[in-house]
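Thanks for coming. I will go through one structure today, and I will keep to what can be read off the coordinates.

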Amino acid sequence: MVGVLSMPLSFGKRRMPAIGLGTASYPSVSAEAMRLAVSEAIAAGFRHFDAAAIYHSEQPLGDAIADALRQGLVERDELFITTKLWCTDAHPGLVIPALRESLRKLQLEYVDLYLIHWPVSLKPQEMKSHIDPEDLLPMDLKSVWEEMEECQKLGLVKTIGVSNFSCKKLDQILATANIPPAVNQVEMHPLWQQKKLMEFCKEKGILVSAYSPLGSNGAPWGSTNVMECRELKEIALAKGKSLAQICLRWIYEQGASIIVKTFNKGRMKENLAIFDWNLSEDELQKISQLPQVKGCRASEFTSTNGPYKSPEELWDDKKGKMIVPTLTTTFADICYPSTIFKNFWR
Ligand SMILES: NC(=O)c1ccc[n+]([C@@H]2O[C@H](COP(=O)([O-])OP(=O)(O)OC[C@H]3O[C@@H](n4cnc5c(N)ncnc54)[C@H](OP(=O)(O)O)[C@@H]3O)[C@@H](O)[C@H]2O)c1
């Protein structure tokens, strides 16, 4: 089995495996297929699993973990389990109950990392398949974060963090936090390098965790921009590595952790085999010059009467550097991977 390296969290108090398996899958798979995929991933060497209430992956992930623990394949403290607070529960008083429900599905006493999924609240309600603009609310970030801190104090989570937060929004948390966020999980790959955010987070001791590290390739909502990138193909060919490995290794060398989704046994092994070689200065230089294209704009979280009027406001991208992707990428595509849900979002 391949050894997975780990990265320090919160200035070294805890560690997170440098690579984790994503559980947001498109096309959606049955709970049984996801359980099997996670079991295969554990056998292959994955120790970090990334779930979210909205992915509906907590139950099958929990089943696979329970199997592995029962069979003595791993100990609980070898695993690193992340899950996320959905926007309908991002309100004072709802955070702890939401986490308890996630823990029930995961069949765990604690998760290693709990993230605020988006810097947006939705009217408290059942999770549904689409976002109505009138449901969008500004988040009471101070109170929600206090409750996240309470989750940690209660021992229900080992570390807390956020996802899809800009530097400005991280600053808002840091202004009042007693426990600073340990992680910010964001889109990151060679075509969306997050240089400014990486620098900011490094300075503040926040680990950046890279989602969609291959650009969500192959999915109807995703983009093949990363997997079809000519420069990356050339580097991969010359190095005798796959393009996916070049992307994953590049992320690791930037000091970010990786969340990559594959339910394919061969690709699981391929994605893990990135820790015993490195990219040369020349290769890093070439990658640093690649044109930048953001995949997930998440415009569904914006509306004229909502807390964010445009994707630029949501991401605090004042200079409007985001380039509209060639394929229409929506938040829904990523968070609601089933075909049924997808149709609501088009
Ligand atoms: N916090 C957030 O808001 C957020 C948003 C998006 C995603 N995420 C998390 O990040 C995870 C990963 O992101 P993602 O699923 O959007 O995108 P991704 O990991 O960049 O891409 C997944 C796609 O790449 C394919 N793939 C994986 N390894 C490969 C390889 N070695 N060679 C060729 N193709 C490969 C997979 O296909 P196969 O399965 O067929 O191999 C799948 O189609 C998600 O599952 C989720 O846990 C979080």
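At what angle do helix α3 and helix α4 pack, and how far apart are their axes? Before the answer, please note that this is a predicted model. Helix α3 covers residues 95-106 and helix α4 covers residues 141-153; they pack at an angle of about 45 degrees, and their axes are 9 Å apart. That angle falls outside the ranges for roughly parallel, roughly perpendicular and roughly antiparallel, and α3 and α4 are therefore oblique to each other. The crossing in which α3 passes α4 is right-handed. On the α3 side the residues are Val95, Ile96 and Leu99. They meet Val144, Glu147, Met148, Glu150 and Cys151 of α4. Sorted by class, this contact has six nonpolar residues, two charged and no polar.

While we are at α3, look at the loop that follows. Gln107 sits in the loop between α3 and β6, the strand at 111-116. As a rule, most residues other than glycine have a negative phi, and most peptide bonds are trans. Gln107 has a positive phi, near 60 degrees, and is not a glycine. The other half of that rule has its exception at Tyr26 to Pro27, where the peptide bond is cis, with omega near -5 degrees. Pro27 belongs to the loop between β3 and α1.

Now the sheet. Which strands make up the barrel, and in what order does it run? The order is β3-β4-β5-β6-β9-β10-β11-β12, which gives a closed barrel of eight strands with parallel pairing. On average, neighbouring strands in this sheet are turned by 30 degrees against each other, ignoring direction. To take one pair, β9 at residues 157-163 and β10 at residues 183-187 are joined in the parallel sense over two bridges. In one of the bridge pairings, Ser163 has Gln185 in β10 as its partner.

Next, the helices around those strands. Helix α8, residues 243-254, lies across β3 (19-22), β11 (207-211) and β12, and runs at about 150 degrees to β12.

There are two further helix pairs to cover. The first is α1 with α9. Helix α1 spans residues 31-44, and its axis comes within 10 Å of the α9 axis, crossing at roughly 40 degrees. So α1 and α9 are oblique to each other. Here too the handedness can be given: α1 passes α9 in a right-handed crossing. Glu40, Ala41 and Ala44 of α1 make the contact with Lys265, Met268, Lys269 and Leu272 of α9. By class, the residues of this contact are four nonpolar, three charged and no polar.

The second is α5 with α6. Helix α5, residues 167-176, and helix α6, residues 195-204, have axes that come within 10 Å and cross at roughly 20 degrees. Since that is under 35 degrees, α5 is roughly parallel to α6. Their crossing is right-handed. Cys167, Leu170 and Leu174 of α5 meet Lys196, Leu197, Phe200 and Lys204 of α6. This contact has five nonpolar and two charged residues, and no polar.

Last, the ligand. Which residues come nearest to the ligand? Of the 29 residues around the ligand, they are Gly22, Leu214, Ala244, Lys261 and Thr262. Two elements give two or more residues to this shell, namely β12 (257-260) and α9 (265-272). The largest share is that of α9, with three residues. Taken by class, the shell around the ligand has 15 polar, ten nonpolar and four charged residues.

Two elements are worth tracing again on the screen before we stop. One is β12, which is a strand of the barrel, lies under α8 in the sense that α8 lies across it, and gives residues to the shell around the ligand. The other is α9, which crosses α1 and also gives three residues to that shell. That is what I have; please keep the structure up for discussion.

Note on methods:
Residues are numbered from 1 along each chain as its sequence is written. This is a predicted model: local features need pLDDT of at least 70, side-chain atom pairs count only at pLDDT 80 or more; totals for chains, interfaces and linings use all residues. A residue is near a molecule or strand if its C-beta atom, placed from the backbone, lies within 6 Å of it. Helices (H or I, at least four residues) and strands (E, at least two) are DSSP runs, numbered from the N terminus. Ala, Val, Leu, Ile, Met, Phe, Trp, Tyr, Cys and Pro count as nonpolar, Asp, Glu, Lys and Arg as charged, and the others, Gly among them, as polar. Axes are lines fitted to C-alpha atoms, for helices over the stretch in contact, and angles run from 0 to 180 degrees between N-to-C directions. Angles under 35 degrees count as roughly parallel, over 145 as roughly antiparallel, 65 to 115 as roughly perpendicular and the rest as oblique. A crossing is left-handed if the near helix is turned anticlockwise from the far one by less than a right angle, and right-handed if clockwise. Two residues are in contact if their C-beta atoms, placed from the backbone, lie within 7 Å. Two strands pair if DSSP finds at least two bridges between them.
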